[in-house]
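This briefing is addressed to a reader who will examine the structure shown here. Please keep the model in view while reading the points below.

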Amino acid sequence: MQYEIIPVTGFQQNCTLLWCDRTKDAAVIDPGGDLEKILTRVSDLNLKLTQIWLTHGHIDHAGATGELAAKLSLPIIGPHKDDEFWIDGLAQQSQMFGFPSAQPFKPTRWLNDGDNVELGDECFQVLHCPGHTPGHVVFFHEKSRLAQVGDVLFQGSIGRTDFPKGNHEDLIHSIREKLFPLGDDIQFIPGHGPMSTFGQERKSNPFCSDPNFG
């Protein structure tokens, strides 16, 4: 399994291309915008884009999903159904944050905690991690010890919880009870900024570190 991070939109959101080495089947996670940039990389890498995966319904993560799905007839996988109100409100989000108008869409498949999603020969575990949004999900690839965590956790920080239906206690629970137990060695791709490991954040993140670490 390979991946490439493609920062998109003025929010520099970490859109990610994932692909299976053998089949070259690829998924794009959180296509928030800048479709030409994303599709150019798909072409450059000689990949076959087969799916769109969403961690949550915020505009910088989902804004170009409808256009991309319509353009290439791709299924939209995720997030959890509790983020449906965010997806239904993408037009208002576009206006509020000065984004291009978002084409409406309905996910092909809503995800639940414990689900699996497949990409070529690769399998990813789905973890429902509410807090930043109520329907936020994380994609975990056990074989490569890699997680795509969206806006749940960042290097040295955590996701905001002051948006509608955000919840700080839920977010901390998601991080400490769902993510950290996966292992200190897990590398993660956040929704913004540089990668880190769960061990590094468990040790030193001022918002969610484990007082019993080590």
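The points that follow cover the sheet and its helices, the backbone geometry, and the pockets. The model is predicted. An open sheet of five strands is present, with mixed pairing, and the largest pocket encloses about 300 Å³ of space.

**Sheet and packed helices**

- The strands of the open sheet follow the order S1-S2-S3-S4-S5. Strand S1 (2–8) and strand S5 (76–77) are the edge strands, each of which pairs on one side only.
- Strand S2 (residues 13–19) is antiparallel to strand S3 (residues 25–29), and four bridges connect the two. Leu18 has Ala27 of S3 as its bridge partner.
- Helix H1 (residues 35–44) packs on the sheet and touches S1, S2, S3 and strand S4 (48–53). The direction of H1 makes about 155° with that of S1.
- Helix H3 (residues 65–72) lies across S3, S4 and S5, and runs at about 145° to S4.

**Backbone geometry**

- In general, most residues other than glycine have a negative phi, and most peptide bonds are trans.
- Two residues in the loop between S1 and S2 are noted for positive phi: Thr9 and Gln12. Phi is near 65° for Thr9 and near 50° for Gln12.
- Thr9 counts as buried because its relative accessibility is 11%, under the 20% limit for that class. Gln12, with a relative accessible area of 45%, is partly exposed.
- The peptide bond between Gly78 and Pro79 is cis, with omega about -5°. Pro79 is located in the loop between S5 and H4.

**Largest pocket**

- The volume of the largest pocket is about 300 Å³. Its lining comprises 19 residues, of which His58, Trp86, Gln93, Phe97 and Phe163 are the closest to the centre.
- Helix H2 (59–62), helix H4 (84–88) and helix H5 (90–97) each contribute at least two lining residues. H5 provides the largest share, with four residues.
- By residue class, the lining of the largest pocket consists of nine nonpolar, seven polar and three charged residues.

**Second largest pocket**

- The second largest pocket has about 160 Å³ of volume. It is lined by 13 residues, and those closest to its centre are Gly33, Gly63, Ala64, Glu67 and Pro100.
- Five nonpolar, six polar and two charged residues make up the lining of the second largest pocket.

Terms used. Residues are numbered from 1 along each chain as its sequence is written. This is a predicted model: local features need pLDDT of at least 70, side-chain atom pairs count only at pLDDT 80 or more; totals for chains, interfaces and linings use all residues. Side-chain values use heavy atoms; hydrogens and water are left out. On a 1 Å grid over the protein atoms alone, a cavity is a set of points where a 1.4 Å probe fits but cannot get out, and a pocket is an open set with protein on both sides within 12 Å along at least five of seven lines; lining residues have an atom within 4 Å of a point. Grid points are joined across faces, edges and corners, and a volume is the space filled by probe spheres set on the points. Ala, Val, Leu, Ile, Met, Phe, Trp, Tyr, Cys and Pro count as nonpolar, Asp, Glu, Lys and Arg as charged, and the others, Gly among them, as polar. Two strands pair if DSSP finds at least two bridges between them. Contact means heavy atoms within 4.5 Å. Axes are lines fitted to C-alpha atoms, for helices over the stretch in contact, and angles run from 0 to 180 degrees between N-to-C directions. Buried means under 20% relative accessible area, exposed over 50%, partly exposed in between (1.4 Å probe, protein chains only).
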